[in-house]
Amino acid sequence: MRLIDIQAFLGRERQMQENTVVPQMEVLRQLDDNGSDYAILSHRWGNEVEYREMIKLSKLKNRDDVRSRDGYQKLLHCCKQAEKDGFQLLWIDTCCIDKSSSAELSEAIDSMYQWYGNSKVCYVYLHDVEGDSFPKKRDEENFGKSNGWPEWFSRGWTLQELIAPRDVKFFNKNWQSIGDKRSHVSTLHSITRVPFHVLTDGLFGSCSNAAQILSWAANRKTTRVEDKAYSLLGLLGVHMPMSYGEGKSAFKRLQLEIIRQSNDHTIFAWDLQVERPRTTGVLADDPSLFRNCHDIVRLEFDEITEEDKHLLPEQGKSNMTDDGVRTSIITNAGILVSLPVISYSMNPSLVKVWLACRHSDDTTGDTEGKTKYQKLYLAYRDEARPHLTFKCNYGPVLSHGFTCSGTFPDENIGNSFTLSAMDPLSIVVFSNETAKVRFSVVFGNYFGQVWVHVIGDEAYENGTSSPRWAEHVRDKMWATGHNYVSCMPKDRDPSTHCPLSYRKHVHLPRSIWDAVVYYVSTDRNVIVVDMVQCAGCCFKGPLTWTKIGVGCPEFFHMIG
């Protein structure tokens with residue numbers, strides 16, 4: 001690694017102040033981090049001094065401009081602090097790495113965790129802390145842009161810079177000492193959610209798993225999207241080549257490297273409920289999806305205690321010694337794993353799999369359904385799945401005194417909308433306050449296939465709002481698409497090849513109304529919602545789709 005010779009740097013600075021510069025003075029030395037005692041700086045970047053400026057400073061015509069930068073003053077104060085503490089060498093990422101060399105930059109990123117870990121002391125410069133004490137509680141007034149804490153705690157790279165060094169000392173804006181890592185361990189735990197023992201003793205022997213480590217990075221930001229992955233390499237013990245420009249693929253490559261090196265199932269335990277997922281595979285596309293995984297516990301297959309075994313189904317227990325369950329293989333067909341599989345009672349097209357991990361407070365297992373142990377290929381590439389566009393006409397039903405009183409999602413829904421694999425369901429609620437009746441139309445995208453259903457509200461008078469009822473319908477219908485897609489009409493007239501039109505209706509309780517949905521079997525997914533007076537032949541529940549014509553000019557006229 002390239003280190004600053006503190007005496008040479010401070011000597012050159014004195015010479016520049018006295019205007020007696022010796023141009024050939026060298027301030028950087030190439031040394032081995034394992035055999036050198038050095039201090040290291042962790043900070044938030046600003047207007048910094050780079051490598052080329054550092055080695056040529058005494059020859060630069062604009063050297064006074066460089067020396068007036070905040071970055072240079074930070075470097076100067078850091079060298080003075082290190083000299084005061086008895087060090088002769090200092091490492092700072094801004095000027096000790098030649099970033100014009102991609103090979104050197106890649107090597108530095110790959111070695112960064114080791115370099116911080118081998119340092120004798122790490123100085124953390126909190127540029128936005130003006131007081132003479134370390135912040136003990138969230139302060140939105142002074143740190144509102146960084147979640148109420150100094151900005152240093154919101155950055156991606158500083159996570160490893162907090163954990164790796166054994167001795168970490170904090171300084172405020174004026175380089176006054178405001179404590180160290182051990183004296184502030186309780187506050188640091190509250191800010192970062194990093195466990196106490198990791199803060200005090202590091203990751204070695206801590207048994208922290210991949211999901212836990214990624215959860216610590218969930219709220220952190222980086223300037224380059226790739227650095228969300230690269231800044232975690234050392235913490236996860238992973239080595240992989242850097243490729244700036246690959247975007248979010250970097251984080252997926254990181255997860256694949258974790259899978260290659262370990263059988264840590266926590267990597268699959270990211271939380272779908274954190275935000276609307278943006279991926280169709282088993283790998284997360286951002287650390288934020290691990291936000292709620294700080295208490296995930298990894299279960300070793302050969303160390304599962306009797307207390308934990310009840311969490312696994314019987315079929316899974318009997319195969320615990322199978323080598324297949326201990327390994328994961330990345331293939332072009334997916335990630336090959338062997339896992340206990342449970343049939344999902346609500347949807348035969350889906351299964352639940354048991355992972356060798358759990359939340360620390362989870363003491364019960366859900367083993368409902370038939371269990372079997374089998375090999376699975378888990379897709380890790382995002383696969384393009386068709387988006388479905390619906391074109392709707394609500395005019396007929398609105399003309400009968402009904403209003404659109406609720407939708408799901410909330411931002412939905414106009415006369416034309418699209419459903420994707422990530423957003424496969426939309427619900428529109430229509431109600432008539434005078435008649436005290438309402439119904440919902442459910443639109444679905446089931447793996448690229450359209451389905452539509454209509455539901456009457458049997459309990460409209462119980463006070464549930466229409467938006468809340470839309471959510472209730474969503475919870476009830478989200479896993480039933482396989483039932484309804486098989487009933488959707490898909491055929492065309494065999495003689496003319498024209499699209500056919502169909503209708504489905506449901507009787508609204510305590511009324512004379514039938515809610516009717518018309519559908520045309522065309523790629524446009526045309527839907528018309530209407531209301532008709534009940535003929536007295538209804539039975540409970542919606543009727544099946546009934547063909548009403550070929551082409552049906554009147555129907556198309558209704559759509560406009």
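**Exercise 1. Find which residues of helix H8 are buried, and work out how they are placed around the helix axis.**

Solution. Begin with helix H8, which spans residues 185-192 and in which Val185, Thr187, Leu188, Ile191 and Thr192 are buried; buried means under 20% relative accessible area, exposed over 50%, and partly exposed in between, with a 1.4 Å probe and protein chains only. Helices (H or I, at least four residues) and strands (E, at least two) are DSSP runs, numbered from the N terminus. The model is a predicted one, in which local features need pLDDT of at least 70 and side-chain atom pairs count only at pLDDT 80 or more, while totals for chains, interfaces and linings use all residues. Residues are numbered from 1 along each chain as its sequence is written, and side-chain values use heavy atoms, with hydrogens and water left out.

Next, consider the direction of these buried residues: they cover an arc of only 160° around the axis, and therefore lie on the same side of H8. The arc is that of the directions from the helix axis to the C-beta atoms. As a general rule, an α-helix has 3.6 residues a turn, so residues three or four places apart point the same way.

Finally, look at the cover: the buried residues of H8 are covered by elements including helix H7 (158-163), strand S6, helix H9 (196-201) and helix H10 (210-216).

**Exercise 2. Describe the surroundings of Thr187.**

Solution. Thr187 belongs to helix H8 and is buried, with a relative accessible area of 10%. Once its neighbours within four places in sequence are set aside, Thr187 is in contact (heavy atoms within 4.5 Å) with Phe134, Pro135, Lys136 and Trp149.

**Exercise 3. Trace what links Arg193 to His294.**

Solution. Start at Arg193, which comes just after H8 and takes a positive phi of about 65°. Then locate His294, which sits in the loop between helix H13 (249-261) and strand S8 (296-298) and is partly exposed, with a relative accessible area of 35%. Although His294 and Arg193 are 101 residues apart along the chain, their C-alpha atoms are separated by 7.4 Å. The side chains of these two residues make a polar contact (3.1 Å), a term for a pair of N or O atoms within 3.5 Å, of which, within protein, one must be able to donate a hydrogen and the other to accept it, residues adjacent in sequence counting only if both atoms are side-chain atoms. Beyond four places in sequence, His294 is in contact with Arg193, Gln212 and Ser215.

**Exercise 4. Lay out the sheet of seven strands and identify its edges.**

Solution. The seven strands form an open sheet in the order S2-S1-S4-S3-S5-S6-S7, with mixed pairing; two strands pair if DSSP finds at least two bridges between them. At the edges stand strand S2 (28-30) and strand S7 (177-180), each with a single partner strand, so one side of each is left without a neighbour in the sheet. Within the sheet, strand S5 (residues 121-125) and strand S6 (residues 168-171) run parallel and are joined by four bridges, and Cys122 stands opposite Val168 in S6.

**Exercise 5. State how confident the prediction is along the chain.**

Solution. The mean pLDDT of the chain is 84, and 83% of its residues reach 70 or more, where pLDDT is the predictor's confidence in each residue, from 0 to 100. Over residues 555-560, however, pLDDT stays under 50.
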